[in-house]
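Please work through the exercises below with the sequence and the coordinates open beside you. Each task sentence is followed by a solution that proceeds in steps.

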Amino acid sequence: VWMHRLYVESEKPVCACPPAHRTFVSITLVVYMYNIIMGSVNNAALTCVHLLSSLAATPGTEPEMTELSGLFVEKPQSTIAIKGKDITFVAKVDSSTLLRKPALKWLKGKWLDLGSKAGKHLQFKESYDRDSKIYTYEMKIVKVVDGDAGGYRCEVTAKDKCDSCTFDITVEGSFSRGPKEDEGELDFSGLLKKREKKQEEPKEEVDVWSILKKAKPCDYEKIAFQYGITDLRGMLKRLKKMKVEPKKCDAFLKKLEAAYSVDKGKKIQLTVEVANPDAQIKWLKNGTEIKPSAKYVFESVGNKRKLTINKCTLADDAAYECVIGEDKSFTEVFVKEPPVTITKLLDDLHVVVEDKVEFEVEVSEEGANVKWMKDGVELARDGKYRFKKDGKKHWLIINEASKEDIGMYYVFTNGGESKAELEVLQSIADLTVKAAEQAIFKCEVSDEKVTGKWYKDGVEVKASNRIKMVHIGRIHKLTIDDVKAEDAGDYTFVPDGYALSLSAKLNFLDPPKIHLDTTGSMVNKNTIIVVAGNKLRLDVEISGEPAPTVCWTKGDNVRKCCGPAWTLTPNSSFLVSPDVPDPPEGVKCMGVGEDTATIIWEPPKFDGGSPIKGYLMERKKVGSSRWTKLNFDIYESTSYEAKKMIEGVLYEMRVFAVNGIGVSQPSCSSKPFMPIAPTSEPTRLTVDDVMDSACMLKWRPPDKIGAGGIDGYIIEYRKEGGGHTQEAYTEWIQANSEPVEKNSYTVRGLPTGEKMEFRVMAVNIAGRSPPAVMAQPVTIREIIEQPHIRLPRHLRTKYVRKVGEKINLVIPFQGKPRPVVNWFKDDEPLDPKKVSVRTTEVDTILFIRSAERDHSGTYTLSVQIENMEDKASFEIRVVEKPGPPLAVRVTDVWGFNAALEWKPPKDNGNSDISGYIIQKADKKTKEWFMVYEHNRRPNCTVSDLVMGNEYVFRIFSENICGLSDEAGLSKNTAVIAKTGLAYNRPPYKEKDLNTSPKFTQPLQDRSVIAGYSTAISCSVRGRPKPKIIWMKNKTIIGEDPKYLMQNNQGVLTLHIRKPSLFDGGNYSCKAVNELGEDVVECKLEVRGATPVSVHGDSKG
């Protein structure tokens, strides 16, 4: 309570409490928890209040709180919520002083981020006012439950500024509020009040670890999202430290850990300890044995066996096991990719209904996986949403936006996230009005503070008595009274500050009128007199909007365009009425491209009595009712190429015919078609092989494939320079009846000796791609290639294998036509009963299921084509463990030493003996101890034997397979007898310490002022004590009282009392004894005293 009063209500974070106060509060909480454990909740609360009260009342202990920047304009307030009702909290942030958009978090308790809980129960909304530069954040709790009660915190950060506030939610009707999963673990405020306990139904607990153990490593991130685990690194650590019941195993002293984690590109080391140092182990990855290589390195150090995996990739994320006989040790290795960050954030979009929407984001790694969500719900690929990626860029595409698509869209990676808001505006409806009527255009914008302007045909509309513009809330209204013909046109509303506009068309409807010229040859009104048999041309002016339909009649008969000509007779009176043409016929799509389509049609059968001037085209998406005009100017041709369409979307087309009277009715819609581009041409078309009547081609897929994919490839061929003669093979001939899916094909049945040209085309639903053509023609004839054996590197030396192992040797060779292969062993044909051989066109395989000593020898491979031959030989040696050494005996014993000799084993295991192992044992303990390892000679000397013991020795032979199974025992023993020992002390020899004099510190040059006493010093060493002689300018200084000479423990000092200018010169010191002498010198400079000026320096 007091903490709440002191820190929370003052809108300061608890962390602002001074350290002494925090310590006092911690002690208070300990006392409080102790009383709770002892069963006295009331006493605990009372004790806590008294202690904190004393803290608040102590003079001079006012808490110094850190001042935070005041970013909040409006803060969420504590409230009482009704269970089952909705509640909304609003926070407003002033961004006028910020350089970047602020980031706001809603927290419950102390650390639970509610952003990860967004969904049906928790909903978040964000808006921005451009005029006041204020961000508004809303958190809505749908159908409040008991678990929503507790303390909440709202934090906002923006680069170097931050602010926070707290508020509480009390759920009415909730009598018990135990610690929930979403609350902070240290929130004891709910225990300060005595409340009735309400029994809750037990919830079924979900063991996330059991789910993770059964799941694949690729599904870990999905499971983390599902169960609210935001720290994927922490999950992997928990997985690594999970305790497993160890299975009793005698073969392993220490097994592998339950799990290991490693960063991508790093190395990891798996270590086990075995009980038997000589045990043979196997390492398995996903059940498959691992072979030593540069990537997988095996180490054996004493009882430890190590597997090192270098440069880990995602392929190394697998299950590993170490096997010793029947015993196994399992582990999981998790390879973590570096976090993928978002380098280009999403942008807010404002579109019109049925417009195309594209959200674009750029990440730090190519080929990274991203997850798109809308209002907390993950988006799936269906007819409405499409996902596209190209390198580091990712797109979310909505083909036709609707009001239902309004909301907040998120994109997530494993290292970041971004969000953007989509605002879908309703388009303005077209209007058709008559003269003198009223036309009203309405436009709804996203915010009531958004202003804008109206334009007609690109010119701003000005208010007048007839034209009025009104802005009420989010509605902008344009009213035109007494509509006239000049008011018809395109009207557009452009919001201020937005790159978006809404347009609509005003169609003016004018009743049709006929303006007949009554002047000239007319006798009466509407009566024309002409001479029988002459031609009559009657031009009648008509008006009306839209263009009226005109029809000519004679009497009760309607004039047809294709009917017989009228013949004028005397007293003929008639009314001529022209008409619009019939609609065009046969509208169909002839071809498509990536975003284009070619449409053709036939002219109308009836032109309405007036020549056809051209056509108007419209298109729409299948399932939509909105037609889009493709041209506003009359198009004269009967074929048209529509552009700017979306690849993979179905469209329909229709055509209008236009003559001098008006526009026809629309034609029937074409059959649905889909713009899909054929792929680009295949790449790297080359010849792989040529035979007498066939040619093998290979190529790479096209660089550009598109949405249509690839259904296969078509291969065609012809003679060189074909197409100009009537000979066979001069035209392109398709080699395959059905498209082939592979990137290689063998064209057969070709004429031998001819030069042929080849080309390959990719095929999909849009048709064939441009062909990939070879630069040079290919001559069809068998190429004779000399046989050549490519002996592998490991067979160029002696190939050694142990008895019982399998031998599988693959030896490639070259040669055309197919060579004849023969195998020999020791110059004899190979016995097929002992060795299996399989030969293909390019290699031969030698296979021995279980190697024996008899398989050792020299093997020869012969490859022959006609009279050309190539041979290769290699040696196979099958080895096993050697036998024991022979005739082991002790040849001599002296002191504490014994000499041993033996003979090499009779059977060396078909391998050279690499050394011997010598062990000793005394007959008292009979325990064997190692003496020598890898002793190469058949003899040795054993030292450091214990006096009074009798020793026996055994020796093992060693070769490439290991130690011999049995040891050779010495036939006799070595007895170390006890003898008396005397120590003769060596005579003491006194060391001669006499030395010649030597100066350890020389004299130093000095510069002194005349009249001031000085001294020069040096140090000398020598025995016996040397005689010291001081000299000036090589003249011995006698008993001159001006000089004082001192010798203190070898430190020599010459004092000069008040030297004058004549005392300067070279001074030397000589040390002399019977073993020699030594001299050091220095230079003494005596300077005259500088007179001191009382008045200072004068200038000039």
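The exercises that follow concern a predicted model, and they move from a nonpolar core to a sheet, a loop residue and salt bridges.

**Exercise 1. The nonpolar core**

Task: Find which residues have the most contacts inside the largest nonpolar core, and which strands each supply at least two residues of this core.

Solution: Begin with the core itself, which is the largest nonpolar one and has 27 residues, and in which Leu104 and Trp106 have the most contacts. Next, turn to the strands: strand 3 (87-94), strand 4 (103-108), strand 7 (134-141), strand 8 (150-158) and strand 9 (161-172) each supply at least two residues of this core. Finally, look around Leu104, which, once its neighbours within four places in sequence are left aside, is in contact with Phe72, Ala91, Val93, Tyr137, Cys154, Glu155 and Val156.

**Exercise 2. An open sheet**

Task: Work out the order of the strands in the open sheet of 4 strands, and say which of them are the edge strands.

Solution: The order is 72-74-78-77, and the pairing is antiparallel. Strand 72 (995-1001) and strand 77 (1043-1048) each pair on one side only, and they are thus listed as the edge strands. From one strand to the next, the twist averages 25 degrees.

The individual pairings can then be followed. Strand 74 (residues 1014-1023) and strand 78 (residues 1051-1056) run antiparallel and are joined by 6 bridges, with Ser1017 standing opposite Thr1053 of strand 78. Strand 77 also pairs with strand 78 in the antiparallel sense, over 6 bridges, and here Tyr1043 has Ile1056 in strand 78 as its bridge partner. The hairpin of strand 77 and strand 78 has 2 residues between the strands, and in this hairpin Gln1049 takes a positive phi near 55 degrees.

**Exercise 3. A loop residue**

Task: Decide whether Asn949 is buried or exposed, and identify the side chain with which its own side chain makes a polar contact.

Solution: Locate Asn949 in the loop between strand 67 (939-942) and strand 68 (950-959). Its relative accessible area is 12%, and because buried means under 20%, Asn949 counts as buried. The side chain of Asn949 makes a polar contact of 3.4 Å with the side chain of Tyr951. If residues up to four places away in sequence are not counted, Asn949 touches Asp922, Lys924, Ala974, Val975 and Ile976.

**Exercise 4. Salt bridges**

Task: Establish how many salt bridges a search of the whole structure finds, and describe where the partners Glu618 and Arg654 lie.

Solution: The search finds 31 salt bridges. In one of them, Glu618 pairs with Arg654, and the closest N and O atoms are 2.8 Å apart. Glu618 belongs to strand 41 (residues 612-621) and Arg654 to strand 44 (residues 651-659), so that the pair links distant parts of the chain, 36 residues apart. Both Glu618 and Arg654 are buried.

A further salt bridge joins the side chains of Lys881 and Asp965 at 3.6 Å, N to O. Lys881 lies in the loop between strand 62 (868-879) and strand 63 (886-894), and Asp965 in the loop between strand 69 (962-963) and strand 70 (968-969), so the pair ties together parts that are 84 residues apart in sequence. Lys881 counts as partly exposed at 40% relative accessibility, whereas Asp965 counts as exposed at 65%. Lastly, Lys101, Glu126 and Lys419 are joined into one network by salt bridges that share partners.

Notes. Residues numbered from 1 in each chain as written. Predicted model: local features only at pLDDT ≥ 70, side-chain atom pairs only at ≥ 80, totals over all residues. Heavy atoms only, no water. Core = buried A, V, L, I, M, F, W, Y, C linked by side-chain atoms within 4.5 Å. Buried < 20%, exposed > 50% of the residue type's maximum accessible area, 1.4 Å probe, protein only. Contact = heavy atoms within 4.5 Å. Pairing = 2+ DSSP bridges. Axes fitted to C-alpha atoms, helices over the stretch in contact; angles between N-to-C directions. Polar contact = N/O pair within 3.5 Å; in protein donor to acceptor, adjacent residues only side chain to side chain. Salt bridge = Lys/Arg side-chain N within 4 Å of Asp/Glu carboxyl O.
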